[in-house]
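Please read the following report beside the sequence and the coordinates. It takes up a few local features one after another.

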Amino acid sequence: SAVVPSYIFGLAVGAGGFGFFMLVCGFFRQTRNMPAWWWWAQWLSFEKYGFEAVVANEFTGLTFDCETVNATYTVGNSSGGVGTLTNVTVPVCQCSFPDYNGDCEISGDEILEFYEYDNVEWWAWALVLLGFALFFHTLFYCLLRYCNKGKR
């Protein structure tokens, strides 16, 4: 509301901005699935840096076991009505995420790879967030100091 005539208008503009950045930062849609004309906006979203840093911090080094179920398949030769059919029971791994190495375990690193957060350094993203904070504090200080005439 520092640059608009009404605080209600400021709330609306702010909410619209937050909503847009939530759409492009990876909460709702992975960045690889975004349209090309939206891709640049993720780098302007401070929410991207915070979300990726938290996800990288929480999942690095963890391991999750997947559930193993037995599946029964019928195999054999039954051409011409004569032949042998055999039921074979095979253990099948059911994981929530793609099991890239086939060990029926999901590591936190595999989850980070799935979301394309495998190269995230949380401390670098923390510095980016600090830069955003300093930039916006300085910007709005200058706007309030030099552009606000106290008239509404």
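The report treats the disulfides, one strand residue, one helix and one pocket in turn.

## Basis of the values

This is a predicted model, in which local features need pLDDT of at least 70 and side-chain atom pairs count only at pLDDT 80 or more, while totals for chains, interfaces and linings use all residues. Residues are numbered from 1 along each chain as its sequence is written, and side-chain values use heavy atoms, with hydrogens and water left out.

## Disulfides and other cysteines

The structure holds 2 disulfides, a disulfide being a pair of cysteine sulfur atoms within 2.5 Å. Counting the bonded cysteines along the chain, the pattern is 1-3, 2-4. One disulfide joins C66 to C95, with an S to S distance of 2.0 Å. C66 lies in the loop between β1 (63–65) and β2 (67–77) and C95 in the loop between β3 (84–94) and β4, so this pair ties together parts that are 29 residues apart in sequence; helices (H or I, at least four residues) and strands (E, at least two) are DSSP runs, numbered from the N terminus. The torsion about the S-S bond of C66 and C95 is about 115°, and the disulfide is therefore right-handed. C66 is buried at a relative accessible area of 14%, whereas C95 is partly exposed at 25%, where buried means under 20% relative accessible area, exposed over 50% and partly exposed in between (1.4 Å probe, protein chains only).

The other disulfide is formed by C93 and C104, whose sulfur atoms are 2.2 Å apart. Because C93 lies in strand β3 and C104 in the loop between β3 and β4, the pair ties together parts that are 11 residues apart in sequence. The link of C93 and C104 is right-handed, with 100° about the S-S bond. C93 counts as partly exposed, at 33% relative accessibility, while C104 is buried at 18%. Two further cysteines can be set beside these: C25 is buried, with a relative accessible area of 0%, and C142 is partly exposed, with 33%.

## I106 in strand β4

I106 has its place in strand β4 (residues 105–107) and is buried, with a relative accessible area of 4%. Leaving aside residues up to four places away in sequence, I106 touches L62, T63, F64, C66, C95, F97, P98, D99 and I111, contact meaning heavy atoms within 4.5 Å. The disulfide partners C66 and C95 are thus among the contacts of I106. Between I106 and W122 the separation is 16 residues in sequence and 21 Å in space, C-alpha to C-alpha.

## Helix α2

Helix α2 (residues 46–59) has 14 residues, which at 1.5 Å a residue should span 20 Å, and its end C-alpha atoms, 21 Å apart, agree with this; the expected span is 1.5 Å times one less than the number of residues. In α2, the residues E47, K48, Y49, E52, A53, V55 and A56 are buried, and their cover includes α1 (7–24), α3 (108–114) and α4 (122–147). As background, an α-helix has 3.6 residues a turn, so residues three or four places apart point the same way. After α2 comes G61, whose phi is positive, near 85°.

## Second largest pocket

T31, W39, Q42, W43, K48, E52, E116, Y117, D118, N119, V120 and W125 line the second largest pocket. A pocket is, on a 1 Å grid over the protein atoms alone, an open set of points where a 1.4 Å probe fits, with protein on both sides within 12 Å along at least five of seven lines, and lining residues have an atom within 4 Å of a point.
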